[in-house]
Amino acid sequence: MSALGYVFVDGDGGPGSSAAAIRDWCDARRVALATVVHDAGDGHRRSLAWALEQIDAGGAELLVVARLRDLAADARDLVPLLRWFVAPSRALVALDLALDTSCESGRVAATAIADLVVRVGDPDAVAGAGRMGGSTRGRAAVADVPELSGRIATMRSHGMTLQAIADALNEDGIPTVRGGRLWRPSSVQRAAGYLRPSTGRGIELPKRAAR
C-alpha cells in the first residue's frame with residue numbers, strides 16, 4: 001500500500017513532530033510513504049487538496065495524518081471527507097484516534113463520527129466519538145447500517161425526491177436516525193449527510209470522485 005502524509009501547522013512551529021509520527025507509523029507497518037506535505041497559516045489546505053487529487057487518481061491509496069483535526073478547521077467540514085474515505089479504493093489513518101478506514105471497523109467508526117457531527121453539530125463530538133471507538137452513545141444511526149445508508153444513496157442517485165425516499169422508508173417501517181417512526185424530507189436530508197455551509201474553509205473533494 002502506498003501512502004501520503006499530511007500535516008496542518010497551526011502554530012509557529014513546523015510539521016516536525018507530526019511528520020515524524022507519520023513516518024514512524026508507516027515504517028512500523030512497512031507502508032511505502034511517498035511524501036509528507038503540509039499547510040500552514042492562512043487556513044487554506046492546498047497541499048491537502050493536492051494529496052486528495054493524487055489519491056483519487058490512483059497515485060496513492062492511503063492518507064496518514066497525526067491529528068484528524070488537521071483535515072479541517074471546522075468539524076462539520078470533516079463530514080464529506082470522512083464519507084469520501086469510506087470507499088474501498090482509498091483509506092484514511094488518523095493516529096490520534098487510532099482510526100484506519102482500510103478495515104471494516106475503521107469505516108464503521110468514520111461513518112459514525114460523521115453522522116454524530118451531522119446530528120449534533122458539535123465539534124467536540126469528533127474527539128468524543130473517537131475515544132469511544134466510533135460509538136454514538138447507544139443511539140442508532142443510519143450510517144451505522146451500511147445497507148440502509150447505501151439504499152438512501154442509491155435512491156438519491158436514481159433521482160428520487162426527499163419526499164419519495166421518506167415515503168419508501170415509512171412504508172418499510174424503518175426508524176429514523178433519531179429513533180422516530182416517521183421519516184420526513186428533512187430527516188432524509190440529514191441522514192444523507194446534508195450540512196448547512198459552515199464558517200470554516202472546507203476542502204473541495206476531487207471532482208471525479210464527487211460526481
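1. Overall make-up. Nine helices and five strands make up the protein, and keep in mind that this is a predicted model. Reading from the N terminus, the elements go β-α-β-α-β-α-β-β-α-α-α-α-α-α. Of the 211 residues, 43% are buried. If you look at contacts with a separation of 6 or more, 63% of them are between residues 24 or more positions apart.

2. The sheet. The five strands form an open sheet in the order β2-β1-β3-β4-β5, and the pairing is mixed. The edges are taken by β2 and β5 (99–100); each has a single partner strand, so one side of each has no neighbour in the sheet. At the β5 end, β4 (residues 91–94) and β5 run antiparallel and are joined by two bridges. If you want a residue pair to look for there, Val-93 has Asp-100 in β5 as its bridge partner.

3. Arg-45, buried or exposed? Arg-45 is in the loop between β2 (32–40) and α2 (46–56). With a relative accessibility of 8%, this arginine counts as buried, because the cut-off for that is under 20%.

4. What does Arg-45 touch? Leaving out residues up to four places away in sequence, the list is Tyr-6, Phe-8, Asp-39, Arg-69, Asp-70, Leu-71, Ala-72, Ala-73 and Ile-203. Two of these contacts are worth pulling up on screen. A polar atom of the Arg-45 side chain lies 2.9 Å from the backbone oxygen of Asp-70. The charged end of Arg-45 also sits over the ring of Phe-8, 3.9 Å from the ring centre. As for Ala-73, its C-alpha atom is 9.7 Å from that of Arg-45, and the two residues are 28 apart along the chain.

5. Helix α2. Right after the Arg-45 loop comes α2, and its buried residues are Leu-48, Ala-51, Leu-52, Ile-55 and Asp-56. They are on the same side of α2, because the arc they cover around the axis is only 135°. The general background is simple: an α-helix has 3.6 residues a turn, so residues three or four places apart point the same way. Following α2 you find Gly-58, with a positive phi near 90°.

6. Helix α7. Here too there is a set of buried residues to check: Leu-162, Ile-165, Ala-166, Ala-168 and Leu-169, in the helix spanning residues 162–171. Viewed down the axis of α7, they fall within an arc of 165°, so they line one face of the helix. Just after α7, Gly-173 has a positive phi of about 70°.

7. Aromatics. How many aromatic pairs are there? The count comes to one. The pair is formed by Trp-84 and Phe-85, with an edge-to-face arrangement: the centres are 5.0 Å apart and the planes are at 80°. The planes are therefore past the cut-off for edge-to-face, which is over 60 degrees. Both Trp-84 and Phe-85 are buried.

8. Arg-90 and Trp-84. Trp-84 has another partner to look at besides Phe-85: Arg-90 lies over the face of Trp-84, at 4.0 Å from the ring centre. Set this beside Arg-45, whose charged end is placed over the ring of Phe-8.

Key. Residues numbered from 1 in each chain as written. Heavy atoms only, no water. Helix = DSSP H or I, 4+ residues; strand = E, 2+ residues; numbered from the N terminus. Buried < 20%, exposed > 50% of the residue type's maximum accessible area, 1.4 Å probe, protein only. Contact = heavy atoms within 4.5 Å. Polar contact = N/O pair within 3.5 Å; in protein donor to acceptor, adjacent residues only side chain to side chain. Arc of directions from axis to C-beta. Phe/Tyr/Trp six-rings, centres within 6.5 Å; stacked < 30°, edge-to-face > 60°. Lys NZ or Arg CZ within 6 Å of the ring centre and 35° of its normal. Pairing = 2+ DSSP bridges.
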